[in-house]
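Reader: Hello! I am new to this structure and would like a close look at one part of it. Could you walk me through one helix and what it touches?

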Amino acid sequence: MTESSTASTAPARTVTGASIHLDGVMKQYRGQDKPAVARLDLEIEAGNIVTFVGPSGCGKTTTLKMINRLIEPTEGRILIDGRDVTHENPDKLRQSIGYVIQSGGLFPHWSVAKNIGAIPRVLGWDKKRIAERVEYLLDLVGLDAAEFADRLPKDMSGGQQQRVGVARALAADPPILLMDEPFGAVDPITRVRLQDSLIGIQHELGKTIVVVTHDFDEATKLGDKVLILSEGGHIEQYAPPEDILANPATPFVEDFIGSGATLAHLTLSRVRDVEAAPVTTARVGEDSQTVLGRAHAAGHTWVVVVDNHGHPRAWPSLDELAAKPQVSDYIDRRLPVVARSSTLNDALDSMLAASQGGTLVTDGRGAVVGSLSIDTVMEVIRGQLSEARPEEERDGYIEHAEGSSTDEMPVIVAADDEVDEHS
Ligand SMILES: Nc1ncnc2c1ncn2[C@@H]1O[C@H](COP(=O)(O)OP(=O)(O)OP(=O)(O)O)[C@@H](O)[C@H]1O
């Protein structure tokens, strides 16, 4: 079988996640007159990412924490893969449900390896198995084990700490991952990378992931389904993002998603839907002339320097490359990079943040697979906008400028403006 036919007939994704069923759950906090979450019924399919959004105080976190019983429901049942866990030992339950909070929630005096190994140690795994697991998970979340395993959280960036938080939550291979505003505390570019990394991990592992977020764009990007809640944990809509944008179920949802719903479709277009241009890659320490030969043959004017995992480090021009006999070990911290799962909005953001006319594209594990130019993205966006606006609405500048349009120019008059009938 050829490589391309393997790709086109790829088998369905492996699902290692478990389904979650909230059956009439209710939470009434002591001293409150109204329940934080009134009777809520929710079915989350195994292997899906579901995002919870809604205004502050609507009950997102309460609902999430009832799944692993960090908050005990006042009424109702929680079923995991059909099994009623409402009265199971909560500590045991939590060992099978990974939990990630904002900023990673790492133990500050423990190394990265010790943090990730916390639950496996409780489960009595031997040292070798834990060490192998730590190495596998660091690689999965895009961190180099040799560089990070012995670091303390304070010596890492917010985004790196958050990656370790995800690795720790996955340590005992739980079927479910709960995440409460996981990317709320990082800058927008890091946020995009963490989102992409999470999508990559989910595609690879097929876990069931529930994410609470304030950000509707994040909810639509990550979620196979989005749950929109209003006060009291009331379900306004629970559907795939495309359906919510196309058919908001209630006036609340319409208001919530805002008038930019047409533009919001752009947040659903992915980098993988646009063909990435091939790039010439070079390894650190490789002979520059050999790389130049490859780049010239491919007609490229720059190359991407990658590490042993194929992660991009810099994108020097051929002149810069030729200035040194070997490919040098330089990291360009402002390199624009997006994953195939990123949205076109993310791609534009990354280009703008780096003041570049293009961005590199990586796979779910951060290895370079190509590049995308601003022109390509703009072309797709223009196409989408014109599809969103019906033909008859598009009366061009030329027609108006030449006075050839038969349409009346619209005149907007305030209700109390006097209109002179004779002018
Ligand atoms: N421990 C508590 N005791 C009393 N009331 C609480 C408690 N925790 C939350 N609440 C109330 O329950 C309601 C739902 O809170 P919850 O934290 O679930 O909302 P949320 O949608 O996650 O909000 P946010 O987006 O602001 O984090 C709110 O009115 C909140 O004030």
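Author: **Helix H9 and its neighbours**

The protein is divided into domain 1 (13–258) and domain 2 (273–379), with the bounds coming from an automatic or database domain assignment. This is a predicted model, where local features need pLDDT of at least 70 and side-chain atom pairs count only at pLDDT 80 or more, while totals for chains, interfaces and linings use all residues. Residues are numbered from 1 along each chain as its sequence is written.

Let us begin with the two domains. The C-alpha centres of domain 1 and domain 2 lie 32 Å apart. Ten residues from domain 1 and twelve residues from domain 2 take part in their contact; two residues are in contact if their C-beta atoms, placed from the backbone, lie within 7 Å. On the side of domain 1 that touches domain 2, the largest share, eight residues, comes from H9. Helices here are DSSP runs (H or I, at least four residues), numbered from the N terminus. That side of domain 1 divides into four nonpolar, three polar and three charged residues. In this grouping, Ala, Val, Leu, Ile, Met, Phe, Trp, Tyr, Cys and Pro count as nonpolar, Asp, Glu, Lys and Arg as charged, and the others, Gly among them, as polar.

Now for the helix partners. Two packed helices are described by the angle between their axes and the distance between the axes. The axes are lines fitted to C-alpha atoms, for helices over the stretch in contact, and angles run from 0 to 180 degrees between N-to-C directions.

Helix H9 (residues 188–205) packs with helix H16 (residues 344–354) at an angle of about 140°, their axes 10 Å apart. That makes H9 oblique to H16; angles under 35 degrees count as roughly parallel, over 145 as roughly antiparallel, 65 to 115 as roughly perpendicular and the rest as oblique. Pro188, Ile189 and Val192 of H9 meet Asp346, Asp349, Ser350 and Ala353 of H16. These contact residues comprise four nonpolar, one polar and two charged.

H9 also packs with helix H8 (residues 158–169), at an angle of about 20° and with the axes 10 Å apart. H8 is therefore roughly parallel to H9. Here Gly158, Gly159, Gln162 and Arg163 of H8 are in contact with Thr190, Arg193, Leu194 and Ser197 of H9. By class, this contact has one nonpolar, five polar and two charged residues.

Technical notes: Helices (H or I, at least four residues) and strands (E, at least two) are DSSP runs, numbered from the N terminus.
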